[in-house]
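Here are some short exercises to work through with the model open on your screen. Try each task before you read its solution.

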2 protein chains.
Amino acid sequence: MAAARALLLLLLAALGPAAAVWPQPLRQLSPPAAARCPLPPGRFRFSYAAGSAVGPGCAVLDEAFQRYRALIFGAARPAESKQPWRKPCSELSVLVSTPGCDGFPSLDSNESYKLHISRDSLLLYADAVWGALRGEVCLVTELSYYVNETEIVDFPRFPHRGLLLDTSRHYLPLKAILQTLDVMAYNKLNVFHWHIVDDPSFPYESFTFPELSKQGAFNAMTHVYTASDVQAVVEYARLRGIRVIAEFDTPGHTCPGGAPDLLTPCYLGKDPSGTYGPINPILNSTYQFVTSLFQEVGAVFPDYFLHLGGDEVDFTCWKSNPQIRAFMEEMGFGEDYTKLESFYIQRLLDIVSSLGKGYMVWQEVFDNGAKVRPDTIIHVWKNSLPYKEEMANVTKAGYRALLSAPWYLNRISYGQDWMAAYQVEPLDFTGSPEQKDLVIGGEACMWGEYVDVTNLAPRLWPRAGAVAERLWSNATVRNLQDAYVRLASFRCELLRRGVQAQPLFIGYCDHEFDWF
Amino acid sequence: MAAARALLLLLLAALGPAAAVWPQPLRQLSPPAAARCPLPPGRFRFSYAAGSAVGPGCAVLDEAFQRYRALIFGAARPAESKQPWRKPCSELSVLVSTPGCDGFPSLDSNESYKLHISRDSLLLYADAVWGALRGEVCLVTELSYYVNETEIVDFPRFPHRGLLLDTSRHYLPLKAILQTLDVMAYNKLNVFHWHIVDDPSFPYESFTFPELSKQGAFNAMTHVYTASDVQAVVEYARLRGIRVIAEFDTPGHTCPGGAPDLLTPCYLGKDPSGTYGPINPILNSTYQFVTSLFQEVGAVFPDYFLHLGGDEVDFTCWKSNPQIRAFMEEMGFGEDYTKLESFYIQRLLDIVSSLGKGYMVWQEVFDNGAKVRPDTIIHVWKNSLPYKEEMANVTKAGYRALLSAPWYLNRISYGQDWMAAYQVEPLDFTGSPEQKDLVIGGEACMWGEYVDVTNLAPRLWPRAGAVAERLWSNATVRNLQDAYVRLASFRCELLRRGVQAQPLFIGYCDHEFDWF
């Protein structure tokens with residue numbers, strides 16, 4: 001989606017080169033006295049350049065053209081400009097060199113683009129449609145619309161730039177997810193990590209196991225994601241160059257009430273206590289269930305990767321259960337329940353692997369020594385051991401690493417906490433260049449204990465933008481004062497687009513958020 | 001406004017006695033098997049009981065009847081109840097014993113009420129209209145509407161239960177203020193402390209000194225409060241039994257740019273540095289200005305009290321200025337700039353006093369030994385000295401104390417921080433019963449450094465509700481588990497009323513917030 005991203009950038013260029021481009025492009029050159037080129041609202045059009053490998057009918061770009069047009073000119077018809085007439089920039093031509101429009105973005109997608117704005121032409125070059133999406137929307141001034149003469153060459157530093165939303169601790173309505181995808185696109189974030197189910201609720205409506213959401217959703221009518229909801233999210237994301245990676249976390253965060261046969265009955269002394277713990281790893285039926293569920297999930301979520309969770313398994317219940325204890329002895333696991341956990345995880349990984357899917361797992365799976373495939377992505381989230389050590393360990397073992405530990409944005413604090421997120425350097429750990437190459441990026445996480453649709457947007461934006469720039473822009477882009485100015489300006493632009501993004505600090509925007 | 005408050009309570013009673021009544025009433029009795037009485041949407045009416053000292057034409061109650069009717073039944077016309085028919089509670093009669101409808105609520109207003117719901121009648125007794133407003137709105141169930149047989153006797157523990165909003169660090173649109181007043185009323189909060197101006201911006205449009213907002217507002221067209229805005233706020237608040245106390249903070253937090261003649265020119269060595277500090281206390285023109293400004297402000301804001309600020313005066317600029325230093329010497333103040341501060345404050349207090357107004361001040365005015373009138377309210381906000389000591393000192397000196405120190409709700413932290421606010425006990429300091437009697441209440445503060453219209457509502461609600469119950473309900477009402485259940489339920493009710501109140505913890509509401 002390089003092409004569509006760049007469209008967005010074109011528009012932002014109208015703010016002036018350094019003003020509100022967020023995340024900062026790799027290279028942007030503007031002549032000292034850059035000419036300003038008026039965009040004529042009535043006549044302005046997007047077009048495919050001669051020689052482009054994609055053309056009309058390419059939904060990813062056709063729809064991006066419409067969205068960006070609306071973002072530039074808004075709904076209102078502006079009055080004619082009273083500025084002295086200059087040759088208007090009435091057309092942006094897009095040239096994509098590699099064909100392909102109907103696929104999904106992937107970890108390997110090429111997101112680079114080049115944007116050339118001069119007196120005579122507006123040109124956008126991208127290797128693939130995904131790069132064309134990696135631009136940013138410009139400031140729309142009051143009555144007339146300009147772009148500044150400029151040249152931008154840009155591509156991302158890391159290929160995996162994600163955001164985790166948690167729809168189990170609180171349900172998030174479909175529209176909130178779609179709006180989040182929009183704002184992710186403005187921030188050039190390209191992976192929506194959907195932590196869709198967990199202990200508190202199971203809103204995913206499975207067609208193989210309808211009981212899971214019937215029993216496990218907060219409300220099986222109103223607090224669920226139907227097949228068509230999921231499809232809508234996946235397609236909406238695709239059109240914005242965003243991958244959707246679903247997480248079905250086992251054995252620890254699973255299936256509230258929906259499938260008690262799967263869960264371990266906990267014991268109090270010699271008798272079952274009536275409560276249930278993690279998935280029961282000693283039953284064949286567990287693995288039949290897991291196979292069927294992931295077969296479905298793998299089909300519904302087209303991304304190559306699934307996130308399999310594997311974090312925070314509480315062993316108390318397993319320890320209380322006599323059958324489990326007998327199994328431990330039989331297997332020679334002694335008292336080491338991480339071995340039982342790994343036993344389960346191992347079978348799960350093999351199942352998912354046999355379905356032709358790759359997987360991501362939380363770091364415990366690696367820490368506990370499960371044998372994972374070489375292409376596994378280890379998701380680093382814990383702060384108990386300093387995360388830099390974990391990054392070193394994971395990459396030293398030859399696995400790809402994804403960083404979230406310093407980016408738990410749900411953990412709010414007073415003041416400008418975006419700065420701490422911004423100052424993180426993902427490659428700042430002890431390791432060889434080869435190890436650094438194994439860091440594929442990171443994810444901002446918005447866990448849902450204290451977040452639902454009432455506070456999601458202001459808590460996410462613009463704070464998640466700090467992570468977005470860290471993952472997109474060059475490592476040298478880290479001046480806090482400069483970032484403050486650009487992020488505050490970008491946040492005003494988000495307000496103008498109807499995003500309920502909270503302020504960084506004292507001040508105001510010309511367009512404040514309009515919530516009425 | 002006892003009568004209208006009680007109306008609200010009536011409605012909440014439908015949830016079941018202990019479910020969602022927030023803040024908890026003084027005494028609520030329900031028979032063990034309380035009868036439920038259907039409210040017939042089509043025919044239900046409010047009326048004035050025979051013998052009531054106020055009747056039709058009393059705007060405070062007439063308008064409350066309309067609001068509460070809408071809150072009970074919503075916009076939709078429900079289908080006829082299929083429950084077996086019982087005599088419906090088709091009328092709520094209100095009996096107010098003291099006349100008076102057109103005045104403003106005050107520190108001395110009587111807010112007590114008694115609500116009696118039986119099979120045969122719904123009766124609300126209140127001494128004054130203000131008590132009638134101190135009820136709470138009931139749960140509206142899906143298709144049919146009930147109230148439970150119950151008897152409520154209620155009055156507030158403290159007469160001053162406030163909320164501070166700061167419209168200088170960020171501008172808050174009029175509608176956001178009005179909505180906040182609505183939710184304050186739901187929480188039985190009765191003082192809107194309007195920190196209307198400060199260093200960052202001066203949005204108050206003064207007719208005596210129009211330059212103040214022309215120069216000092218973020219935007220003199222869009223980011224100001226006109227005379228009619230202020231009037232709208234004052235009347236909207238009055239109809240909900242809420243006082244509006246405006247704060248014009250001097251000498252420290254004053255007049256950004258609007259009136260440089262008033263401010264102290266700071267020096268760098270022997271020359272003026274071009275910057276300005278606090279109000280210049282050595283010029284007669286300063287006191288002429290202050291007199292004119294407070295004359296206007298005193299008329300625009302009808303409450304007896306004005307908040308005069310007086311906090312956080314930075315002496316650096318005063319110290320740099322040679323005229324100020326000469327004045328210090330002349331007055332024999334030595335190097336003690338708190339004496340200069342008190343000199344200014346003393347004249348300010350005398351001016352406001354001569355205008356027939358009472359005043360509240362931040363604690364520094366007391367700490368620095370200014371001579372204040374005996375009826376002054378000292379606003380305790382600092383945590384440097386433990387606030388309990390300050391409460392003891394202020395009341396020992398015979399002044400009335402208002403507590404905010406533990407209730408700076410803008411200072412967010414991760415998790416359920418409403419609990420800390422809830423567990424505060426305002427009278428928990430060393431002092432005689434007479435000293436305790438001098439505590440008139442407290443205020444939750446939402447300073448605006450990081451808050452504007454995008455995050456105001458979720459940050460305020462339901463967290464400010466914790467302060468509201470602490471100030472309204474009996475000191476013995478402090479069980480956290482019970483409060484959690486009621487506050488979570490109350491928050492769901494706020495969502496139903498369109499308030500963007502954030503969740504306390506994991507879970508859901510039948511009516512989630514609808515923001516589309």
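**Exercise 1. An edge of the open sheet**

Which residue in E9(A) does Gln28(A) stand opposite? Place this pair in its sheet.

*Solution.* A word before starting: this is a predicted model.

Step 1. Look across from Gln28(A), and you will find Ile152(A) in E9(A).

Step 2. Now take in the two strands. E1(A) is joined to strand E9 (residues 150-154) of chain A by three bridges, and the two run antiparallel.

Step 3. Widen the view to the sheet. It is an open one of six strands in chain A, in the order E1-E9-E5-E6-E4-E3, and its pairing is mixed. Strand E1 (27-29) and strand E3 (45-48) of chain A are at the edges with a single partner strand each, so one side of each has no neighbour in the sheet. On average, neighbouring strands here are turned by 15° against each other, direction ignored.

Step 4. Finish with the helix that packs on this sheet: H2 (residues 59-73) of chain A touches E3 and strand E4 (91-96) of chain A. The direction of H2 makes about 155° with that of E3(A).

**Exercise 2. A strand in the barrel**

Work out how E12(A) is covered and which strands it is joined to.

*Solution.* Step 1. Begin with the whole assembly. Eight strands of chain A form a closed barrel, E10-E11-E12-E15-E16-E17-E18-E19, with parallel pairing. From one strand to the next, the twist averages 25°.

Step 2. Check the burial of strand E12 (residues 243-250) of chain A: eight of its eight residues are buried.

Step 3. Sort those residues by face. In a regular strand, side chains alternate between the two faces of the sheet. In E12(A), one side carries Arg243(A), Ile245(A), Glu247(A) and Asp249(A), and the other carries Val244(A), Ala246(A), Phe248(A) and Thr250(A); both faces are covered.

Step 4. Go to the partners. Strand E11 (residues 191-195) of chain A runs parallel to E12(A) and is joined to it by five bridges; Phe192(A) stands opposite Val244(A). Two bridges join E12(A) to strand E15 (residues 305-309) of chain A, also in parallel, and here Thr250(A) stands opposite Gly309(A).

Step 5. For practice elsewhere in the barrel, try strand E17 (residues 377-380) and strand E18 (residues 400-403) of chain A, which run parallel with four bridges between them. Ile378(A) has Ala401(A) as its bridge partner.

**Exercise 3. Two packed helices**

Describe how H6(B) and H9(B) pack.

*Solution.* Step 1. Two packed helices are described by the angle between their axes and the distance between the axes. For helix H6 (residues 284-300) and helix H9 (residues 337-354) of chain B, the angle is about 35° and the axes are 10 Å apart. Their crossing is right-handed.

Step 2. List the residues that meet. H6(B) contributes residues including Tyr287(B), Val290(B) and Phe294(B), while those from H9(B) include Phe343(B), Arg347(B) and Leu348(B).

Step 3. Sort the contact by class: eight residues are nonpolar, three polar and one charged.

**Exercise 4. Two copies**

How are chains A and B related, and through which surface do they meet?

*Solution.* Step 1. A turn of 180° with a shift of 0.0 Å along the axis lays chain B on chain A, with an RMSD of 0.0 Å. The two copies are thus related as by a two-fold rotation axis.

Step 2. Find the axis in chain B: the nearest C-alpha belongs to Ser413(B), 2.4 Å away.

Step 3. Compare the interfaces. Of the interface residues of chain B, 100% are also interface residues in chain A, so the copies meet through the same surface.

Technical notes: Residues numbered from 1 in each chain as written. Chains lettered and ligands numbered in written order. Predicted model: local features only at pLDDT ≥ 70, side-chain atom pairs only at ≥ 80, totals over all residues. Heavy atoms only, no water. Least-squares fit on C-alpha atoms with pLDDT ≥ 70 in both. Contact = heavy atoms within 4.5 Å. Axes fitted to C-alpha atoms, helices over the stretch in contact; angles between N-to-C directions. Left-handed = near helix turned anticlockwise from the far one by under 90°. Nonpolar A, V, L, I, M, F, W, Y, C, P; charged D, E, K, R; others polar. Pairing = 2+ DSSP bridges. Buried < 20%, exposed > 50% of the residue type's maximum accessible area, 1.4 Å probe, protein only.
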